[in-house]
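Please work through the following exercises with the sequence and the model open beside you. Each one sets a task and then solves it step by step.

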Amino acid sequence: MRIPVRVLTLGAGRRRLQEKTVIEFGTAHEVLFSSKLPLEFEDRVQLLNSDGSLDACATVVAVRYHNGSKAVAARFVGNIENWIIKT
């Protein structure tokens, strides 16, 4: 899949962090991407791509650590419009 996105952290009382990364795998309900952000289970993020077809909030459902980076699985909050894959 390899869709470049910007990931922003969401949450009350925390400084908003962001990074550019790539969605490696995605469905109509979840995505997988690598990250160096301090993300943990149940954190909320916003995912945005450059053409605006993806602007969605998601909840982290799994994190796998490896060599200073991590693989993150996140599930979209609600239905999203204009996403590349629909079921």
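**Exercise 1. Determine whether Gln46 counts as buried or exposed, and describe its surroundings.**

Step 1. Gln46 has a relative accessibility of 17% and therefore counts as buried, where buried means under 20% relative accessible area, exposed over 50%, and partly exposed in between, with a 1.4 Å probe and protein chains only. The model is a predicted one, in which local features need pLDDT of at least 70, side-chain atom pairs count only at pLDDT 80 or more, and totals for chains, interfaces and linings use all residues. Residues are numbered from 1 along each chain as its sequence is written, and side-chain values use heavy atoms, with hydrogens and water left out.

Step 2. Gln46 belongs to strand S4; helices (H or I, at least four residues) and strands (E, at least two) are DSSP runs, numbered from the N terminus.

Step 3. Setting aside residues up to four places away in sequence, Gln46 touches Arg6, Val7, Leu8, Leu10, Arg16, Asp55, Ala56 and Cys57, a contact being heavy atoms within 4.5 Å.

Step 4. With one of these residues, Arg16, the side chain of Gln46 also makes a polar contact of 3.4 Å. A polar contact is a pair of N or O atoms within 3.5 Å; within protein, one must be able to donate a hydrogen and the other to accept it, and residues adjacent in sequence count only if both atoms are side-chain atoms.

**Exercise 2. Trace how the strands are arranged, and find which residues stand opposite one another.**

Step 1. Six strands close into a barrel in the order S1-S2-S3-S6-S5-S4, with antiparallel pairing, and the twist from one strand to the next averages 45°. Two strands pair if DSSP finds at least two bridges between them; for the angles, axes are lines fitted to C-alpha atoms, for helices over the stretch in contact, and the values run from 0 to 180 degrees between N-to-C directions.

Step 2. Strand S2 (residues 18–26) is joined to strand S3 (residues 30–35) by three bridges, and Ile23 has Phe33 in S3 as its bridge partner.

Step 3. Strand S4 (residues 44–49) pairs with strand S5 (residues 55–66) over five bridges, one of the partnerships being that of Leu47 with Ala56 in S5. The hairpin of S4 and S5 has five residues between the strands, and Gly52 in this hairpin takes a positive phi near 80°.

Step 4. S5 is joined to strand S6 (residues 69–76) by eight bridges, and Tyr65 stands opposite Lys70 in S6. In the hairpin of S5 and S6, with two residues between the strands, Asn67 has a positive phi near 50°.

**Exercise 3. Identify which residues of the largest nonpolar core touch the most other members.**

Step 1. A nonpolar core is a set of buried Ala, Val, Leu, Ile, Met, Phe, Trp, Tyr and Cys residues joined through side-chain atoms within 4.5 Å.

Step 2. The largest such core holds 18 residues, of which Val7, Val31, Phe33, Leu39, Leu47, Leu54 and Phe76 touch the most other members. Two or more residues of this core come from each of strand S1 (3–10), S3, S4, S5 and S6.

**Exercise 4. Find how many salt bridges there are, and which parts of the chain they tie together.**

Step 1. A salt bridge requires a side-chain nitrogen of Lys or Arg within 4 Å of a carboxyl oxygen of Asp or Glu, and by this rule there are two.

Step 2. One joins Arg2 to Glu24, with the closest N and O atoms 2.6 Å apart. Because Arg2 lies in the segment before S1 and Glu24 in strand S2, this pair ties together parts that are 22 residues apart in sequence. Arg2 is exposed at 54% relative accessibility, whereas Glu24 is partly exposed at 38%.

Step 3. The other joins the side chains of Glu30 and Arg75, at 3.9 Å from N to O. Since Glu30 lies in strand S3 and Arg75 in strand S6, the parts tied together are 45 residues apart in sequence. Glu30 is partly exposed at 27%, and Arg75 is likewise partly exposed at 44%.

Step 4. Glu30 also makes a side-chain polar contact of 2.7 Å with Thr27. Apart from neighbours within four places in sequence, Glu30 is in contact with Phe25, Ala74, Arg75 and Phe76.
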